[in-house]
Structures are given as structure tokens and as C-alpha cells.
Amino acid sequence: MVDIVDQAVRSRMMAGIGGKDTKPEMALRRALHVRGLRYRLHDRKLPGTPDLVFRRFGAVCFVHGCFWHRHQECPYATVPATRTDFWQAKFRDNVARDRRVREELLDSGWRVAIVWECALRADRAQLTSLRLGQWLHGEERFFETNLDWNR
């Protein structure tokens, strides 16, 4: 499939995609706040600069975009039709970095949650925040939203 915009426009569009205060992140933050859960944002002192830090629970949460972080078997984790080698390398590096950061945090005693973008679409933020809250009050070291929530 041919790109419908030229290279300069595509580059400007991709450069405009931010890493903080994204729509999925804001949806989760609102839902958690309604539940009375408080957090710190984007602590740069921690590996990977987690989106949410729950110091009281010794936990951090990353809100991952399915496209950028390659959510397995997710319909939103598409691959652009142009420059596929570039994109495959980019995605591979992102996944490797995510894995390394998760291991660093777990090894240093933090509990780690990954919330995928698709778990926050179409008013699913309330359910996801409920399950994340249950995890925070539990003892599990790792939490990740799964595809069953997306249906």
C-alpha cells in the first residue's frame, strides 16, 4: 500500500506524536483518580520513566501504545507498508528496551504494570483501572492487561 502523504508530511506527523499525556494515559489517570488512587507522573529518576508511580504500593505503571510497543496479536499493532526494514528494527529496539527496563525495575524491588492502549479504548478504562487497583492492593510483582479485556 502506498502512503497517502509525502515524506515531509509523514515525518512531521510522526514527530508530533508525544510520549506523555497521551489519550490512553489520560483516560487511565482519570479512572484511577476517581477510584481514589494517587500517583506521581513520569519519574525520570526511575528506569524507563514510568508513566505512573505508586510509591505507596512500590509499583509503577507503563501505558503502552499497541503500535509502538508491539502488543502481540493486537489489531492495532500494524506495520507500515513502506520502509518495513526500518520499522521492524525500530519496533525490535522498542520491545528490547521495554524488556530491559521492566527487568531493571523488578530487580530493584519495584512492582511493574503494563497497560496496553487497547485496554483503554471504548470506555474500558474503568474496568482496567479496577483491575489495576486490585493488583496494586495485592502482592503480585507483575501485571499486564490482556486481550480478553479488549473484546
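**Sheet**

I began with the sheet of this predicted model. I found 5 strands in an open sheet, ordered β1-β2-β3-β4-β5, with mixed pairing. The edges are β1 (40-41) and β5 (142-144), each of which pairs on one side only.

I then asked in which sense β2 and β3 pair. Strand β2 (residues 52-54) and β3 are antiparallel, over 3 bridges. I looked up the partner of Phe54 and got Ala59 in β3. The β2-β3 hairpin has 4 residues between its strands. Within this hairpin, Gly58 has a positive phi near 65 degrees.

On to the β4 side. Strand β4 (residues 111-116) runs parallel to β3, and 6 bridges join the two. Ala59 has Arg111 as its bridge partner in β4. Val60 stands opposite Val112 of β4. I noted that Ala59 thus appears twice in my list: it bridges to Phe54 and to Arg111.

**Strand β3**

How many residues of β3 are buried? The strand covers residues 59-64, and 6 of its 6 residues are buried. I sorted them by direction. Ala59, Cys61 and Val63 point one way, while Val60, Phe62 and His64 point the other way. Both sets are buried.

**Cores**

I looked next for nonpolar clusters. The largest nonpolar core holds 20 residues. Leu28, Leu32, Phe54, Cys61 and Leu132 have the most contacts inside it. I checked where this core draws its residues from: α2 (23-34), β2, β3, β4 and α5 (125-136) each give at least two. There is also a second, separate core of 15 residues, with Cys74, Leu105, Leu106 and Trp116 among them.

I picked Cys61 for a contact list. Leaving out residues up to four places away in sequence, Cys61 touches Leu28, Pro50, Asp51, Leu52, Phe54, Ala113, Val115 and Leu132.

**Helix α2**

I compared the length of α2 with expectation. Its 12 residues should span 16 Å at 1.5 Å a residue, and the end C-alpha atoms lie 17 Å apart, so the two agree. I listed the buried residues of α2 as Pro24, Glu25, Ala27, Leu28, Arg29, Ala31 and Leu32. Charged residues are on that list too: Glu25 and Arg29. The buried residues of α2 pack against β1, β2, β3, β4 and α5. Just after the helix, Gly36 has a positive phi of about 85 degrees.

**Helix α5**

I ran the length check on α5 as well. This helix has 12 residues and reaches 16 Å between its first and last C-alpha, close to the expected 16 Å. Its buried residues are Ala125, Thr128, Ser129, Leu132, Gly133, Trp135 and Leu136. They lie on the same side of α5, because they cover an arc of only 155 degrees around the axis. I recalled the geometry: an α-helix has 3.6 residues a turn, so residues three or four places apart point the same way.

What do the buried residues of α5 pack against? I found α2, β2, β3, β4 and β5. The helix lies across β2, β3, β4 and β5, at about 170 degrees to β4.

**Helix α4**

I turned to α4 (84-107). The 24 residues of α4 should span 34 Å at 1.5 Å a residue, and the end C-alpha atoms are 34 Å apart, so the length agrees. This helix lies across β3, β4 and β5, running at about 170 degrees to β3. Its buried residues are Trp87, Phe91, Asn94, Asp98, Val101, Leu105 and Leu106. I recognised Leu105 and Leu106 from the second core. Just after α4, Gly109 has a positive phi of about 100 degrees.

**Val79**

I finished with one loop residue. Val79 sits between α3 (66-69) and α4. Is Val79 buried, exposed or partly exposed? I read a relative accessible area of 37%; that lies between the 20% and 50% cut-offs, so Val79 counts as partly exposed. Its contacts, apart from neighbours within four places in sequence, are Arg70, Thr84 and Gln88. I also took one distance: the C-alpha atoms of Val79 and Trp68 are 9.8 Å apart, with 11 residues separating them along the chain.

Terms used
Residues are numbered from 1 along each chain as its sequence is written. This is a predicted model: local features need pLDDT of at least 70, side-chain atom pairs count only at pLDDT 80 or more; totals for chains, interfaces and linings use all residues. Side-chain values use heavy atoms; hydrogens and water are left out. Buried means under 20% relative accessible area, exposed over 50%, partly exposed in between (1.4 Å probe, protein chains only). Contact means heavy atoms within 4.5 Å. Two strands pair if DSSP finds at least two bridges between them. A nonpolar core is a set of buried Ala, Val, Leu, Ile, Met, Phe, Trp, Tyr and Cys residues joined through side-chain atoms within 4.5 Å. Axes are lines fitted to C-alpha atoms, for helices over the stretch in contact, and angles run from 0 to 180 degrees between N-to-C directions. The expected span of a helix is 1.5 Å times one less than its number of residues. The arc is that of the directions from the helix axis to the C-beta atoms.
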